[in-house]
Amino acid sequence: MIKKRKPEPPMMKMVVLLLALFTAIQSSLGGANQPQNNKRQRKSTAASRFGSSVVFPVTGDVYPNGYYHATINVGHPPNPYFLDIDSGSDLTWLQCDAPCTKCTPAPHSPYKPSKDLVRCKDPLCASLDGPVNKPCDNPDEQCDYEVEYADHGSSMGVLVRDSFPLRCGYNQEVPSSVHPPYTDGVLGLADGKSSIVSQLYELGLTRNVVGLCLSGKGGGFLFIGDDLVPSSGVVWTTMLSKSMDKHYKVGPAELLYGKQATGAKGFPVIFDSGSTYSYLNSDAYKATLSIEHGNVCLGILNGTAVGLGNFNVLGDISLQDKMVIYDNEKQQIGWVTANCDRIPNVDRDYNDVSSQPFASDMGIAQEHPPETHRSRKDEL
């Protein structure tokens, strides 16, 4: 997750212009517009193991909130919690009363786990957390984790068992310059063993595919599984090989401003729904500014200036009104312009699929989104 800067109020005489990075990536990679295999044929190869998708309504916006969240039901009996949607991390964590050493303001009371703590000797501890595990001195100790984000904020806690293994965060550190999203935790969607996407895949419930459709008007939907993936019209490009950071990356890309070359090319791009804005490295950012003159507001910041080095990040502002699909099985990312204001019904909108995928069917999310909670935030 690349943390988010608090959205600034609109200014007079300023026009919001977005870089056509999606078009640029498509042009520079060549042959990216690959047709999707026939869905019915593809599903038949694993019909006994996969046959459904999970759809979450999404609440939030780029401005004034600066983030999007999904509602997840956790516990017995289940209670709803708002989780910040983050395709830049595979770690899902929820603020917990275990007890809560340092928790940030949140819309719900911290989740109180039962005795279902995962111990260090449990294979689940090593298989899910890997390098983010804190060292264990005793195999009977609880399986702790600690994760640090790009803005130097962090979450520390313990692994617990619920409907799926969950990180229970009891200590959240937030720099004084940062205002975290008004949520109960983070929903990590990147490709790692600990992500909810991978866990549902390992259970044989869905394909290892996740998609996001964020509306520029606010709201949208998130899906896990491939039932909602269009059979045509999607621009596909190969993911770059995964490293320890587990980001969704493509490239090398060329940066165009509209259809005009900026001279910046040959760099990787990260897709990160955990970032409100988009970030370019210093060279690409300066190249863009050299083209545009006058009083203009780009939805893009200088990533090098805020400590992101040479990272180039597509955040929420560049992902709006597009269905963005991360296919971890085929190691490809796709996007297509879409109506993100309406949650699709598979029976109605996709007549070649027999299931109706709603998250509420699986007991892990509400079918209807809650009201948006507005809050201050200043994340990078």
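# Close-up views of a predicted model

A search of the whole structure, which is a predicted model, finds 4 disulfides. The legends below take up three of these links, and then turn to the cores, the aromatic pairs and the paired strands.

**View 1. The disulfide between C96 and C168.** In this predicted model, C96 and C168 are joined by a disulfide with an S to S distance of 2.1 Å. The bond links distant parts of the chain, since C96 belongs to the loop between β5 (93-95) and α3 (123-129), whereas C168 belongs to strand β8 (residues 166-173), and the two cysteines are 72 residues apart. C96 counts as buried because its relative accessibility is 0%, and C168, with a relative accessible area of 0%, is therefore buried as well.

**View 2. The disulfide between C100 and C103.** A disulfide joins C100 to C103, with an S to S distance of 1.6 Å. C100 has 26% relative accessibility and so counts as partly exposed, and C103 is likewise partly exposed, because its relative accessible area is 27%. The term partly exposed is used here for values between the 20% under which a residue is buried and the 50% over which a residue is exposed.

**View 3. The disulfide between C125 and C143.** The sulfur atoms of C125 and C143 lie 2.1 Å apart and form a disulfide, and this link is right-handed, with 85° about the S-S bond. Distant parts of the chain are linked by the pair, with C125 in helix α3 and C143 in the loop between α3 and β6 (144-148), 18 residues apart. Both cysteines, C125 and C143, are buried.

**View 4. Two nonpolar cores.** The largest nonpolar core has 61 residues, and L222, F271 and I333 are those with the most contacts inside this core. When neighbours within four places in sequence are left aside, the residues in contact with I333 include V235, W236, T237 and M239, together with Y248, K249 and V250, and also F271, V324, I325 and Y326. A second core, separate from the largest one, has 13 residues, among them L228, V229, M323 and C340.

**View 5. The aromatic pair of F271 and Y326.** The whole structure holds 5 aromatic pairs according to the search. In the pair made by F271 and Y326, the ring centres are 6.2 Å apart and the planes stand at 85°, so the arrangement is edge-to-face; the angle required for that description is over 60 degrees. Because F271 lies in strand β14 and Y326 in strand β19 (residues 322-327), the pair ties together parts of the chain that are 55 residues apart in sequence. F271 and Y326 are both buried, and together with Y248 and W335 these two residues form one aromatic cluster.

**View 6. Strand β14 and its partners.** Strand β13 (residues 248-257) and strand β14 (residues 260-271) run antiparallel and are joined by 7 bridges, one of the partnerships being that of Y248 with F271 in β14. The two strands form a hairpin with 2 residues between them, and G258 in the turn has a positive phi of about 70°. Strand β14 is also joined to strand β18 (residues 313-314), in this case by 2 bridges and with the strands running parallel, and here I270 stands opposite V313 in β18. F271, which is the bridge partner of Y248, is also a member of the aromatic cluster that includes Y248.

**View 7. Strand β10 between β19 and β11.** Strand β10 (residues 209-214) is mostly covered, with 6 of its 6 residues buried. The covering extends to both faces of the strand, since V209, G211 and C213 on one side and V210, L212 and L214 on the other are all buried. Strands β10 and β19 run antiparallel and are joined by 5 bridges, with D327 in β19 as the bridge partner of V209. Strand β10 also pairs with strand β11 (residues 220-224) over 5 bridges in the antiparallel sense, and there L222 in β11 is the bridge partner of L212. Between β10 and β11, which form a hairpin, there are 5 residues, and G218 in the turn has a positive phi of about 105°. L222, the partner of L212 in this pairing, is one of the residues with the most contacts inside the largest nonpolar core.

Technical notes:
Residues numbered from 1 in each chain as written. Predicted model: local features only at pLDDT ≥ 70, side-chain atom pairs only at ≥ 80, totals over all residues. Heavy atoms only, no water. Disulfide = S-S within 2.5 Å. Helix = DSSP H or I, 4+ residues; strand = E, 2+ residues; numbered from the N terminus. Buried < 20%, exposed > 50% of the residue type's maximum accessible area, 1.4 Å probe, protein only. Core = buried A, V, L, I, M, F, W, Y, C linked by side-chain atoms within 4.5 Å. Contact = heavy atoms within 4.5 Å. Pairing = 2+ DSSP bridges. Phe/Tyr/Trp six-rings, centres within 6.5 Å; stacked < 30°, edge-to-face > 60°.
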